[in-house]
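I have one structure to go through today. I will look things up one at a time and write down what I find.

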Amino acid sequence: MRTQVAIIGGGPSGLLLSQILHLKGIQSVVLERKSRNYVLGRIRAGVLEQGLVDMLHVVKVGKRMEKEGQIHHGFDIAFQGKRHQIDLTALTNGKSVMVYGQTEVTRDLYEARDQMNGVVIDEVDDVSLHKLDTATPFVTYKKAGENFRLDCDFVAGCDGFHGVSRGSIPSHILKEYEKVYPFGWLGVLSETPPVSHELIYNQSDKGFALCSMRNANLSRYYVQCSLEEDVNNWSDDRFWEELKSRLPKETAETLITGPSIEKSIAPLRSFVAEPLSYGRLFLAGDAAHIVPPTGAKGLNLAASDIHYLSEAFIEFYGTGRETKLSQYSDTALKRIWKAMRFSWWMTMLLHHFPENEGFGDRMQQTDLEYLFSSKAAQTSLAENYVGLPY
Ligand code: APR
Ligand code: PHB
């Protein structure tokens, strides 16, 4: 089999790239290790920057988002029992974010690929990349025990943090930067009305807590927990009690609780791989970088990578020029490091660090007091939260 761009990974990055290329008449084949149901069963975050919302509309995948998504013009930060609103729209001259689950974005992309007879081959095994440093790379994989070869011009590594693509860049070339945080997020999804019409990021001495939602009757809550925690030790009741203990009193009193339909613990890390390209291989999304979820940047960063990478492929197939392909890594990394900084800063600002006693705590406290007293500081937070320009 032959295609122009072989895309490894059928998550939001790979599917969005395949959709954009299709609309520009560029062929691609998506190879996904898991089944579609498995991919769509993963619960992920759901705050979309304007840039991603615009991209989804351009590639004809915005209808359901427009109908079911919620536009948010701000969010609250709770500190010392008091909520402070960050008015995103006022601070950014009109910008906002869209609350719409990443799982729904992925579902819409799959449907769009189906409608256009896009080639998405799932449940493949042993994906391996070959001759990446030549003009004729190819991919081998197994499907239902049978061996296959896919010849292509380029390979897009959109296979997430645990994929094969990043490891295909020789170790003497690849540089990895990582910070692992000493805690995780215990998250619960519940069919209950959200405690607030906007998100609430809670800083408390007992640890961070987040109140988020998917829609008017589907809420998503998180509490900071130690990495040694076992989710089986957390009954729903224990979760709700712990969450309430971290929220401002009047917010806790209005919290509607109920049975959890999903409960899991996710570790927090900041990770960047450089360079993003090696020969005819180009990394995008979680294959190249991981952000802690505090800044809601994971999916949005994947989307900006795909914006730059698709522009580069479109230039190549339209003009034969490789300018944008050769600049892709540097261009995408500039925005990646800014989102990395913002997500790290939000994490340091809002979580409880056991080793922080004394000076560290006072720095965090003062950072929050400065934030609430300075329009300039709030503007910086807001412009990063709604998304820096591409
Ligand atoms: N072969 C084929 N597919 C693979 C392989 C492999 N060897 N390894 C992993 N995959 C698939 C995974 O099963 C997954 O469906 O690649 C896909 C990668 O998808 P994501 O992990 O969702 O990464 P990405 O598409 O870049 O989306 C980034 O996902 O994790 C969130 O917060 C993150 O929001 C961000 C978004
Ligand atoms: C979520 O809704 O799951 C969510 C929202 C904002 C974040 C992280 C997660 O910063």
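**Entry 1: Pro 248**

I began by asking whether Pro 248 is buried or exposed. Its relative accessibility is 3%, so Pro 248 counts as buried, because the cut-off for buried is under 20%. I note here that this is a predicted model.

Next I looked up where Pro 248 sits. Pro 248 is in the loop between helix H7 (236-246) and helix H8 (249-254). I then listed its contacts, leaving aside neighbours within four places in sequence. Pro 248 is in contact with Ala 78, Gly 81, Lys 82, Arg 83 and Asn 202. I also checked one distance. Pro 248 and Gln 203 are 45 residues apart in sequence, and their C-alpha atoms are 9.9 Å apart in space.

**Entry 2: ligand 1**

Which residues are closest to ligand 1? I found Ser 13, Glu 32, Gln 102, Asp 286 and Leu 299, out of 23 residues that surround ligand 1. I sorted the shell by type. It divides into eight nonpolar, eight polar and seven charged residues.

Then I went through the polar contacts. Glu 32 has a polar side-chain atom 2.6 Å from an oxygen atom of ligand 1. For Asp 286, an N or O atom of the side chain is 2.8 Å from an oxygen atom of ligand 1. For Arg 42, I read 3.0 Å between a polar side-chain atom and an oxygen atom of ligand 1. How much of ligand 1 does the protein bury? Taken alone, ligand 1 exposes 710 Å², and the protein buries 90% of that. Two elements give two or more residues to the shell around ligand 1: helix H1 (12-23) and helix H9 (298-319).

**Entry 3: Gln 102**

Gln 102 was among the closest residues to ligand 1, so I looked at it again. Gln 102 is found in helix H6 (residues 102-115). Its relative accessible area is 10%, so Gln 102 is buried. Not counting residues up to four places away in sequence, Gln 102 touches Pro 12, Arg 44, Ala 45, Gly 46 and Leu 299.

**Entry 4: ligand 2**

How many residues surround ligand 2? I found 14, and the closest are Tyr 201, Ser 212, Arg 214, Tyr 222 and Pro 293. Tyr 222 places a polar side-chain atom 2.5 Å from an oxygen atom of ligand 2. Arg 214 also has a polar side-chain atom there, 2.8 Å from an oxygen atom of ligand 2. With Pro 293, the partner is a polar backbone atom, 2.7 Å from an oxygen atom of ligand 2. Taken alone, ligand 2 exposes 280 Å², and the protein buries 99% of that.

**Entry 5: helix H12**

I tested the length of helix H12 (residues 375-386). What span should its twelve residues have? At 1.5 Å a residue, the expected span is 16 Å, because 1.5 Å is multiplied by one less than the number of residues. The end C-alpha atoms are 16 Å apart, which agrees.

I then looked at both ends. Ser 374 caps the N-terminal end of H12, with a side-chain oxygen 3.2 Å from the backbone nitrogen of Ala 376. Just after H12, Gly 387 takes a positive phi of about 115°. The buried residues of H12 include Ala 377, Leu 381 and Tyr 385.

**Entry 6: backbone oddities**

Which residues other than glycine did I find with a positive phi? One is Glu 123, with phi of about 50°. Glu 123 is in the loop between strand S8 (119-121) and strand S9 (124-130). Its relative accessible area is 46%, so Glu 123 is partly exposed.

Another is Ala 144, with phi near 55°. Ala 144 lies in the loop between strand S10 (138-143) and strand S11 (146-151). At 77% relative accessibility, Ala 144 counts as exposed, because the cut-off for exposed is over 50%.

I also noted a cis peptide bond. It runs from Glu 274 to Pro 275, with omega near -5°. Pro 275 is in the loop between strand S17 (260-274) and strand S18 (277-278).

**Entry 7: Phe 316**

My last lookup was Phe 316, in helix H9. Phe 316 is buried, with a relative accessible area of 17%. Leaving aside neighbours within four places in sequence, Phe 316 is in contact with Phe 154, Arg 321, Glu 322 and Leu 325. Phe 316 and Phe 239 are 77 residues apart in sequence and 52 Å apart in space, C-alpha to C-alpha.

Notes: Residues are numbered from 1 along each chain as its sequence is written. Chains are lettered from A and ligands numbered from 1 in the order in which they are written. This is a predicted model: local features need pLDDT of at least 70, side-chain atom pairs count only at pLDDT 80 or more; totals for chains, interfaces and linings use all residues. Side-chain values use heavy atoms; hydrogens and water are left out. Helices (H or I, at least four residues) and strands (E, at least two) are DSSP runs, numbered from the N terminus. Buried means under 20% relative accessible area, exposed over 50%, partly exposed in between (1.4 Å probe, protein chains only). A polar contact is a pair of N or O atoms within 3.5 Å; within protein, one must be able to donate a hydrogen and the other to accept it, and residues adjacent in sequence count only if both atoms are side-chain atoms. A residue is near a molecule or strand if one of its heavy atoms lies within 4 Å of it. Accessible areas come from the Shrake-Rupley method with a 1.4 Å probe; for residues, only the protein chains shown count as cover. Ala, Val, Leu, Ile, Met, Phe, Trp, Tyr, Cys and Pro count as nonpolar, Asp, Glu, Lys and Arg as charged, and the others, Gly among them, as polar. Contact means heavy atoms within 4.5 Å.
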